[in-house]
Amino acid sequence: MIKRNYGPIFLLAAAIFWSLGGMFTKSVSWDGVSIATGRGLVAFLLIPLICRRIPKNLNRIKLATAFCYFAQGTLYILANKYTTAANAVMLQYTLPLYIILFTTIATRPLPAGRDILTTIILLGGIFLAFLGTMESGGMLGNFLGLASGLFYAGVFYLSRQPGADTVDSMILGNGMYLLLLPYVLQNEVVRSAPMSDLGMVVMFGLVASVM
């Protein structure tokens with residue numbers, strides 16, 4: 001029997017769904033915090049059903065990873081509100097730069113040549129992103145994108161530590177949006193928005209639950 005490799009198809013599908021984040025964020029009148037909360041709560045309900053598990057045996061690594069996951073998701077969506085989706089995505093993916101920095105501080109190895117090259121390329125990309133939005137009011141979004149990348153790097157770095165569990169931390173991170181639910185329920189922009197906005201946020205959570 002021929003064994004089919006569906007990996008590339010799944011990667012393509014994931015990339016397509018992931019890229020819809022900017023579209024959902026900019027097509028909804030809600031503010032960034034409310035969008036992030038709605039998306040996160042949908043994911044909080046969906047992921048345990050898909051993975052058939054509930055987080056247990058909590059420890060500091062899982063909780064720290066969960067907070068980084070929560071922070072990067074919120075900051076990424078806020079960045080999308082203030083700058084272009086392309087900039088938000090690119091600046092979020094400065095995470096290799098931070099991972100190199102974290103690893104160097106923790107274990108003190110000298111960066112490899114390819115790590116140095118990666119750093120130079122990333123810094124060049126950051127410069128171009130900021131240069132392109134100097135006069136468009138997107139500077140705040142750029143800084144939020146950079147901050148998102150920092151916490152996203154924290155997710156990857158902490159997930160490699162002893163005692164880590166990526167799925168548990170993902171569920172816990174989305175559960176942290178419960179803390180922001182009172183803000184969303186009292187937000188006049190959310191309450192006066194059309195029901196189609198709520199539908200878009202729910203759809204966002206369904207197609208991009210692991211962002």
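This is a tour of a predicted model, one selection at a time.

**The whole chain**

Start with the protein chain in cartoon view. The chain holds 12 helices and 0 strands, so a listing of its elements from the N terminus reads α-α-α-α-α-α-α-α-α-α-α-α. The chain has 211 residues, and 43% of them count as buried. For contacts between residues at least 6 apart in sequence, 89% link residues that are at least 24 apart.

**α3 and α4**

Select α3, residues 32–51, together with α4, residues 60–82. The axes of α3 and α4 come within 8 Å, with a crossing angle of roughly 135°. That angle makes α3 oblique to α4, since roughly antiparallel would require an angle over 145 degrees. The crossing of α3 and α4 is right-handed.

Show side chains for the contact. From α3, pick Gly32, Val33, Ile35, Ala36 and Arg39. From α4, pick Tyr69, Thr74, Ile77, Leu78 and Lys81. By class, the residues where α3 meets α4 divide into 6 nonpolar, 2 polar and 2 charged.

**The loop between α3 and α4**

Now go to the loop that joins these two helices and select arginine 52. What is the phi of arginine 52? The value is near 55°, which is positive in a residue other than glycine. Asparagine 57 sits in the loop between α3 and α4 as well. Its phi is also positive, at about 50°, and asparagine 57 is not a glycine either. Most residues other than glycine have a negative phi.

Switch on the surface. Are arginine 52 and asparagine 57 buried or exposed? Arginine 52 has a relative accessible area of 77% and is therefore exposed. Asparagine 57 has a relative accessible area of 64%, so asparagine 57 is exposed too. The cut-off for exposed is over 50%.

**α3 and α12**

Keep α3 and add helix α12, residues 195–207. The axes of these two helices come within 8 Å and cross at roughly 50°, so α3 and α12 are oblique to each other. Their crossing is right-handed.

On the α3 side, the contact is made by Ile35, Gly38, Arg39, Val42 and Leu46. On the α12 side, the residues are Val201, Val202, Phe204, Gly205 and Leu206. The contact of α3 with α12 counts 7 nonpolar, 2 polar and 1 charged residues. Ile35 and Arg39 are worth labelling: both are in the contact of α3 with α12, and both are in the contact of α3 with α4.

**α4 and α8**

Hide α3 and α12, and bring up α4 with helix α8, residues 139–158. α4 and α8 pack at an angle of about 155°, and their axes are 7 Å apart. That makes α4 roughly antiparallel to α8, because the angle is over 145 degrees. This crossing is left-handed. The residues in the contact of α4 with α8 divide into 18 nonpolar, 6 polar and no charged.

**Two buried serines**

Within α8, select serine 148. Its relative accessibility is 0%, so serine 148 counts as buried. Which residues does serine 148 touch, not counting those up to four places away in sequence? They are Gln72, Leu75, Tyr76 and Gln92.

Next select serine 169, in helix α9, residues 166–175. With a relative accessibility of 2%, serine 169 counts as buried, because the cut-off for buried is under 20%. Leaving out residues up to four places away in sequence, serine 169 touches Lys62, Thr65 and Ala66.

**α6**

Finish with helix α6, residues 95–107. This helix has 13 residues and reaches 18 Å from its first C-alpha to its last, close to the 18 Å expected at 1.5 Å a residue. Colour the buried residues of α6: Leu95, Leu97, Tyr98, Ile99 and Ile100.

Leucine 101 is also in α6. It has a relative accessible area of 45%, so leucine 101 is partly exposed. For a last distance, draw a line from the C-alpha of leucine 101 to that of alanine 153. These two atoms are separated by 9.9 Å, and the residues are 52 apart along the chain.

Technical notes. Residues are numbered from 1 along each chain as its sequence is written. This is a predicted model: local features need pLDDT of at least 70, side-chain atom pairs count only at pLDDT 80 or more; totals for chains, interfaces and linings use all residues. Side-chain values use heavy atoms; hydrogens and water are left out. Helices (H or I, at least four residues) and strands (E, at least two) are DSSP runs, numbered from the N terminus. Buried means under 20% relative accessible area, exposed over 50%, partly exposed in between (1.4 Å probe, protein chains only). The expected span of a helix is 1.5 Å times one less than its number of residues. Axes are lines fitted to C-alpha atoms, for helices over the stretch in contact, and angles run from 0 to 180 degrees between N-to-C directions. Angles under 35 degrees count as roughly parallel, over 145 as roughly antiparallel, 65 to 115 as roughly perpendicular and the rest as oblique. A crossing is left-handed if the near helix is turned anticlockwise from the far one by less than a right angle, and right-handed if clockwise. Contact means heavy atoms within 4.5 Å. Ala, Val, Leu, Ile, Met, Phe, Trp, Tyr, Cys and Pro count as nonpolar, Asp, Glu, Lys and Arg as charged, and the others, Gly among them, as polar.
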